[in-house]
Amino acid sequence: MKFTVQQATGHDTSHLTVLEEYGPNCLMTPATAAAFRSMAAAAQKDGLTLMPASSHRSFERQLVIWNDKYLGDRPVLDWQGKKVDVNTLTGVETCYAILFWSALPGFSRHHWGTDIDVAAANLMPPGYQLQLTGEEYGAGGIFEPLTAWLNSHMEEFGFYRPFTDEAHVRVGTELWHISYRPDAAQFEVLITPDLIRETIKNAQIAGKSCLLGMADELYADYIARSASGN
Ligand SMILES: [Zn+2]
């Protein structure tokens with residue numbers, strides 16, 4: 001399938017298919033959906049019920065998250081999960097603080113339909129509120145068996161983790177975030193520093209002037225580093 005810039009930046013979902021078994025908002029590219037379903041079937045045989053906690057997210061949705069965080073209406077957390085007081089930071093510092101756990105609108109891998117935050121439904125106690133934290137997915141956490149299973153098997157199905165310690169200094173390790181490499185690689189090549197500038201310029205985004213000056217750095221630190229070739 002040939003993907004477009006509009007699809008890469010979360011403005012167009014015409015390339016996506018709904019996975020009805022996970023609800024009306026669970027959207028993926030057809031190839032990602034097929035790979036995820038195969039992987040879920042294999043995991044089920046090993047006693048794990050995979051569940052996409054989040055798959056596709058639109059530009060508008062990511063923009064609301066960004067603006068809320070920039071304006072202090074939604075908590076911004078540091079690498080240890082502690083709340084950051086954005087009122088004490090400069091504009092550029094605020095952008096970097098948000099970027100540790102949240103993508104820039106237009107440049108979230110969740111726009112593509114190739115990336116999934118995955119949990120295991122059968123490991124959660126009734127009424128459990130999913131957090132997506134290192135505590136849950138790391139050693140001793142409730143999803144430790146899921147992390148171990150993904151470590152051993154996800155590559156057979158074409159998935160990898162783009163956000164890991166090895167690849168990053170500016171973003172957190174997300175053991176729950178997996179990416180379908182064959183399709184994600186096609187989106188990665190559509191993203192350029194100019195596309196970042198153009199998208200920011202046209203958006204009602206908080207911190208716009210700071211972000212416009214940061215476009216080349218944002219590309220290097222947040223797009224190129226998580227690329228599937230790394
Ligand atoms: Zn994610």
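These notes go through the overall build, the nonpolar cores and four individual residues of a predicted model.

1. Overall build. The chain holds ten helices and eight strands. Its radius of gyration is 17 Å, close to the 17 Å that the globule rule gives for 230 residues, so the chain is as compact as a globular protein of that length. The C-alpha trace spans about 50 × 40 × 30 Å along the principal axes.

2. Burial and contacts. Of the 230 residues in the chain, 50% are buried. Among contacts with a separation of 6 or more, 65% join residues 24 or more positions apart.

3. Surface and charge. About 10,800 Å² of the chain is exposed, and carbon and sulfur atoms supply 52% of that area. The side chains include 17 positive and 27 negative ones. The centres of these two sets lie 3 Å apart.

4. The largest nonpolar core. In soluble globular proteins, nonpolar side chains tend to be buried together. Here the largest nonpolar core has 34 residues. The residues with the most contacts inside this core are Trp66, Leu104, Ile196, Ile205, Leu211 and Leu218. At least two core residues come from each of the helices H3 (59–70), H4 (91–99), H7 (181–188), H8 (193–201), H9 (208–213) and H10 (215–223). H4 gives the most, with five residues.

5. Ile196 and the other core. Leaving out residues up to four places away in sequence, Ile196 touches Leu104, Phe107, Ala215, Leu218, Tyr219 and Ile223. Another core, of 27 residues, lies apart from the largest one. Its members include Leu19, Met39, Met154 and Tyr180.

6. Proline 193. This residue is found in helix H8. With a relative accessibility of 21%, proline 193 counts as partly exposed, because the buried class ends at 20%. Beyond residues up to four places away in sequence, proline 193 touches Ala215, Asp216 and Tyr219. Proline 193 and aspartate 216 are 23 residues apart in sequence, while their C-alpha atoms are 5.3 Å apart. Ala215 and Tyr219 are also on the contact list of Ile196.

7. Arginine 57. Where does arginine 57 sit in the chain? It is in the loop between strand E3 (50–54) and H3. Is arginine 57 buried or exposed? Arginine 57 has a relative accessible area of 18% and is therefore buried, the limit being under 20%. Its contacts, not counting residues up to four places away in sequence, are Gln62, Ile65, Ser108, His110, His111 and Asp117. The C-alpha atoms of arginine 57 and serine 108 are 8.2 Å apart, with the two positions 51 residues apart in sequence numbering. A colleague checking this loop could start from that contact list, which includes an aspartate, Asp117.

8. Leucine 132. The loop between strand E6 (115–120) and helix H5 (134–137) contains leucine 132. Its phi is near 60°, a positive value in a residue other than glycine. Relative accessibility is 22% for leucine 132, so this residue counts as partly exposed.

9. Serine 226. The segment after H10 holds serine 226. At 3% relative accessibility, serine 226 counts as buried. Phenylalanine 163 is 63 residues from serine 226 in sequence, yet the C-alpha to C-alpha distance between them is 6.3 Å.

Terms used
Residues are numbered from 1 along each chain as its sequence is written. This is a predicted model: local features need pLDDT of at least 70, side-chain atom pairs count only at pLDDT 80 or more; totals for chains, interfaces and linings use all residues. Side-chain values use heavy atoms; hydrogens and water are left out. A nonpolar core is a set of buried Ala, Val, Leu, Ile, Met, Phe, Trp, Tyr and Cys residues joined through side-chain atoms within 4.5 Å. Buried means under 20% relative accessible area, exposed over 50%, partly exposed in between (1.4 Å probe, protein chains only). Helices (H or I, at least four residues) and strands (E, at least two) are DSSP runs, numbered from the N terminus. Contact means heavy atoms within 4.5 Å. The radius of gyration is taken over C-alpha atoms; the globule rule is 2.2 Å times the number of residues to the power 0.38. Accessible areas come from the Shrake-Rupley method with a 1.4 Å probe; for residues, only the protein chains shown count as cover. Lys and Arg count as positive and Asp and Glu as negative; His and the chain ends are not counted. The place of a charge is taken as NZ of Lys, CZ of Arg, CG of Asp or CD of Glu.
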